[in-house]
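Dear colleague,

I am handing over the structure below, since you have not worked with it before. Please look it over first, and then read the notes that come after it.

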Amino acid sequence: DVLSGLVLRVNDLLGSKVVYDYCRSIQAEKPESIASYVAEYALAQELNEFDQALESINRCISLAGVDSLERVSFVQRRAHLLTIAYEKTLDRSRLQKAIADYESLIEKMPNNTGVLNNLAYVLALNDIRLSDALTLAQKALELSPNNPTMMDTYGFVLYKNRDYEKALEYLSAARQQFEQSEAGVPSEIHEPVAMVQEMLGLKDDAEKA
């Protein structure tokens, strides 16, 4: 968001100590300042300082209203942060906490396609509860049938569940949708396409992908 971008810009110009010191001076005067904790979180995440980032986002969550959309947004950020932290550190407890955050959000927002899609992907990527991942991805796609991101995740989850022909169908459809968009095809979509093609014995196509 705008604030995070500004924080990272200031960090590039003046260094992280200046940003942290400024945030903490605001917190000393106004302990309820959510913006200062958001800024602190954004910088810590950028620097892969996961403990600090988690401390800051947890503070944001505690300051936000119990049933507010702001709190939901912060929990989503924490779940994303925890998955990144797990990928960098392989601390399994962080992965479990990320999954718990996504599940808590689904309890409140069972039709939120973004949360359904993210949890499905996290589960499939880490080979956890693959049947649950398939159910989540399918529901996300049913709620947003023309969304290439949902198609891509569903195809990836199908691949993880060893339904290779159907996986290729949805991954190819996602790639076609992305090709028609202004943003173009994300580079990461080619990898699952190649993996599925390889499993189907389509080696030439896999090499091209």
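The notes below cover confidence, then the cysteines, and then one residue in a helix.

Please keep in mind that this is a predicted model. The average pLDDT of the protein is 89, and 93% of the residues reach a score of at least 70. Among the elements of the protein, the highest mean pLDDT, 98, belongs to helix α8 (residues 130–143), whereas helix α12 (residues 203–208) has the lowest, at 66. Where pLDDT is low, the predicted coordinates should not be read in detail.

As for the cysteines, a search of the whole structure turns up zero disulfides. For C23, the closest cysteine sulfur is that of C60, and because the two sulfurs are 10 Å apart, they are too far from each other for a bond, given that a disulfide would need them within 2.5 Å. Taken from the side of C60, the closest cysteine sulfur is in turn that of C23. Both residues are nonetheless buried, C23 with a relative accessible area of 3% and C60 with a relative accessible area of 0%.

The residue I would point you to last is I106, which lies in helix α6 (residues 92–108). Its relative accessibility is 16%, so I106 counts as buried, the cut-off for that being under 20%. If its neighbours within four places in sequence are left aside, I106 is in contact with V115, L116, L119 and L136. By contrast, L95 stands eleven residues from I106 along the chain, and their C-alpha atoms are separated by 17 Å.

With best regards

Note on methods. Residues numbered from 1 in each chain as written. Predicted model: local features only at pLDDT ≥ 70, side-chain atom pairs only at ≥ 80, totals over all residues. Heavy atoms only, no water. Helix = DSSP H or I, 4+ residues; strand = E, 2+ residues; numbered from the N terminus. Buried < 20%, exposed > 50% of the residue type's maximum accessible area, 1.4 Å probe, protein only. Contact = heavy atoms within 4.5 Å. pLDDT = per-residue confidence, 0-100.
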